[in-house]
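Here are my notes on the model you sent, set out as numbered points. Please read them with the coordinates open beside you.

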Amino acid sequence: MNFDLINDDKKEKALLVAVDTGDYDAEVSIAELRELAKTAGAEVMAEIIQKRDVADGASFVGKGRLAEIAEYCQTNDIDLIIADSELSPVQVRNIEDETDTRVVDRTTLILDIFAGRARSKEGKLQIELAQLKYSLPRLTGKGTSLSRLGGGIGTRGPGETKLETDKRHIRRRIQYIKQELDGVERRRNMQHSRRKKNGAVAVAIVGYTNAGKSTLMNRLTDAGVLQEDKLFATLDPTARKLTLPNGQQIMLIDTVGFISRLPHQLVDAFRSTLEEATYADLILNVCDASSEECHNHIKTTNEILESLFEGGVVDVPVINVFNKCDIAENISDIAYPYKDGDACVKISAQTGEGIEDLLTAIENALPQTRKRVTLLIPFDKGSLTAKIRNDGVIYSEEYTADGIFLDALVDITLLDTIKEYLK
């Protein structure tokens with residue numbers, strides 16, 4: 001058996017195991033699993049990809065290969081086996097019994113990372129809901145591992161006391177969390193309604209995890225969002241006001257990052273958060289231009305977006321933002337739209353390169369809600385000047401004998417009211 005050894009300086013010694021059935025690129029997937037494991041705090045000692053037509057229903061990798069894995073775990077003091085697929089309770093129990101090593105699957109690992117990243121009450125509730133839903137059908141047949149106490153990857157979340165309770169208690173907890181999140185969603189819908197009523201414009205930043213969304217948010221708004229070279233460095237959405245070069249003010253919203261084969265429990269749990277994109281007037285799909293998987297990442301993001309929109313059609317304008325172009329090779333070959341009609345901008349959120357082009361693209365993509373005009377407003381119509389000042393931007397203001405001469409950016413809903421004063 002050939003293990004690809006990897007050096008790292010983390011704590012728990014982990015072995016990554018994948019089964020290549022040809023359904024997806026196993027090499028790319030296990031590389032992503034490696035980053036997930038490092039993000040969770042594991043020292044990845046080795047990884048193995050087993051080629052099979054289908055994963056073995058009892059042991060995932062097959063009896064012979066499992067014996068080899070058991071030997072490797074004992075020889076190298078492996079603390080944790082991480083499977084690059086969703087495992088059944090039977091598979092987990094059989095692998096643990098054979099290897100005497102704790103086992104988590106890809107879904108459990110991602111849920112664990114999310115549990116450690118959530119900060120808001122809503123985020124914590126969403127994660128707990130996803131974990132409880134995932135653990136509920138796995139109570140039967142999970143054996144002593146359910147009551148096992150202690151730290152380590154895959155043990156964070158609802159808490160040991162919840163994991164030791166019966167299904168009835170977990171179902172009650174799930175029902176309670178759903179009610180709490182329903183209330184959060186109602187409040188969010190009210191906020192969206194008020195925003196639309198007030199004519200506020202929202203731009204949602206979406207994209208693959210670690211593509212630089214938080215760095216871009218900080219570059220544009222000085223939001224102070226945590227930015228790390230880790231998967232899912234930030235989880236809770238952030239909203240900040242941004243004034244475009246033409247004076248238009250928009251609300252910029254940073255959302256949770258996506259990942260290939262994102263567990264459906266997380267998609268369901270974070271649906272209300274992810275749906276920020278469906279309420280937006282414009283979507284910025286940020287991708288890492290330096291990654292060889294750049295266009296696959298864009299595709300993954302678009303597929304998740306399509307699942308959120310009614311009818312599976314993203315009917316909001318999209319700008320593909322190719323970030324990290326300062327370190328990307330052959331950027332001219334990489335940066336092209338994923339879908340016809342989508343705009344495309346190359347930037348570096350880290351250095352600021354291309355940011356002006358991005359702001360121009362945002363201005364061009366947004367529906368026109370304001371128009372720059374020159375006006376001569378009579379002194380007895382001073383209330384109009386005040387309204388323009390409150391709802392728009394006044395670039396210059398001059399008092400003349402005939403009235404107030406303005407160069408201003410005004411809301412288009414005012415054009416009929418001020419048309420007789422246009423110059």
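**Notes on the model**

1. A search through the whole structure, which is a predicted model, turns up 1 aromatic pair. The rings in question belong to Phe379 and Tyr399, whose centres are 6.3 Å apart and whose planes make an angle of 15°, so the pair is stacked; the cut-off that matters here is that planes under 30 degrees apart count as stacked. The pair links distant parts of the chain, with Phe379 in the loop between β12 (370–377) and α15 (382–391) and Tyr399 in strand β13 (residues 393–399), 20 residues apart.

2. How much of each of these two rings' residues is accessible deserves a separate remark. Phe379 has a relative accessibility of 46% and therefore counts as partly exposed, whereas Tyr399, at 58%, counts as exposed. Another ring to look at is that of Tyr395, since Arg372 lies over its face at 3.8 Å from the ring centre.

3. For the chain overall, I would record 16 helices and 14 strands, with 51% of the 423 residues counting as buried. Among the contacts with a separation of 6 or more, 72% are made by residues 24 or more positions apart. The chain exposes about 20,400 Å², and carbon and sulfur atoms supply 45% of that area.

4. Helix α1 (residues 26–40) is a useful element to examine in detail: its 15 residues reach 21 Å from the first C-alpha to the last, close to the 21 Å expected at 1.5 Å a residue. The buried residues of α1 are Ala26, Ser29, Ile30, Glu32, Leu33, Leu36, Ala37, Thr39 and Ala40. Seen down the axis of α1, these buried residues fall within an arc of 165°, so they line one face of the helix. The cover over them includes three strands and a helix, namely β2 (12–20), β3 (42–51), β4 (80–83) and α4 (106–117).

5. Helix α3 (residues 89–99) can be read in a similar way, its buried residues being Gln91, Val92, Ile95, Glu96 and Thr99. When viewed down the axis of α3, they fall within an arc of 125°, and so they line one face of the helix. Their packing partners are α2 (63–75), β4 and β5 (102–105). Just after α3, Asp100 takes a positive phi of about 55°, a point that leads to the next note.

6. Which backbone angles should be checked by eye? Most residues other than glycine have a negative phi, and two loop residues with a positive value merit a look. Asn210, in the loop between β6 (202–207) and α8 (213–221), has a phi near 70°, and its relative accessible area of 23% makes this residue partly exposed. Lys324, in the loop between β10 (318–323) and α13 (331–334), has a phi near 65°; at 19% relative accessibility Lys324 counts as buried, because the cut-off for buried is under 20%.

7. Two helix residues may also be inspected individually. Gln131 has its place in helix α5 (residues 121–135) and counts as buried at 9% relative accessibility; its C-alpha atom is separated by 8.8 Å from that of Leu266, although the two residues are 135 residues apart along the chain. His297, which lies in helix α12 (residues 294–308), likewise counts as buried, at 13% relative accessibility. If residues up to four places away in sequence are not counted, His297 touches Tyr208 and Ser291.

8. Finally, what does Asp411 contact, leaving aside its neighbours within four places in sequence? The contacts of Asp411 are with Thr369 and Arg370. Asp411 is found in strand β14 (residues 404–411) and is partly exposed, with a relative accessible area of 24%. The C-alpha atoms of Asp411 and Gln248 are separated by 9.7 Å, while along the chain the two lie 163 residues apart.

Notes. Residues are numbered from 1 along each chain as its sequence is written. This is a predicted model: local features need pLDDT of at least 70, side-chain atom pairs count only at pLDDT 80 or more; totals for chains, interfaces and linings use all residues. Side-chain values use heavy atoms; hydrogens and water are left out. Rings of Phe, Tyr and Trp (its six-membered ring) pair if their centres lie within 6.5 Å; planes under 30 degrees apart count as stacked, over 60 as edge-to-face and the rest as tilted. Helices (H or I, at least four residues) and strands (E, at least two) are DSSP runs, numbered from the N terminus. Buried means under 20% relative accessible area, exposed over 50%, partly exposed in between (1.4 Å probe, protein chains only). A charge sits over a ring if NZ of Lys or CZ of Arg is within 6 Å of the ring centre and within 35 degrees of the ring normal. Contact means heavy atoms within 4.5 Å. Accessible areas come from the Shrake-Rupley method with a 1.4 Å probe; for residues, only the protein chains shown count as cover. The expected span of a helix is 1.5 Å times one less than its number of residues. The arc is that of the directions from the helix axis to the C-beta atoms.
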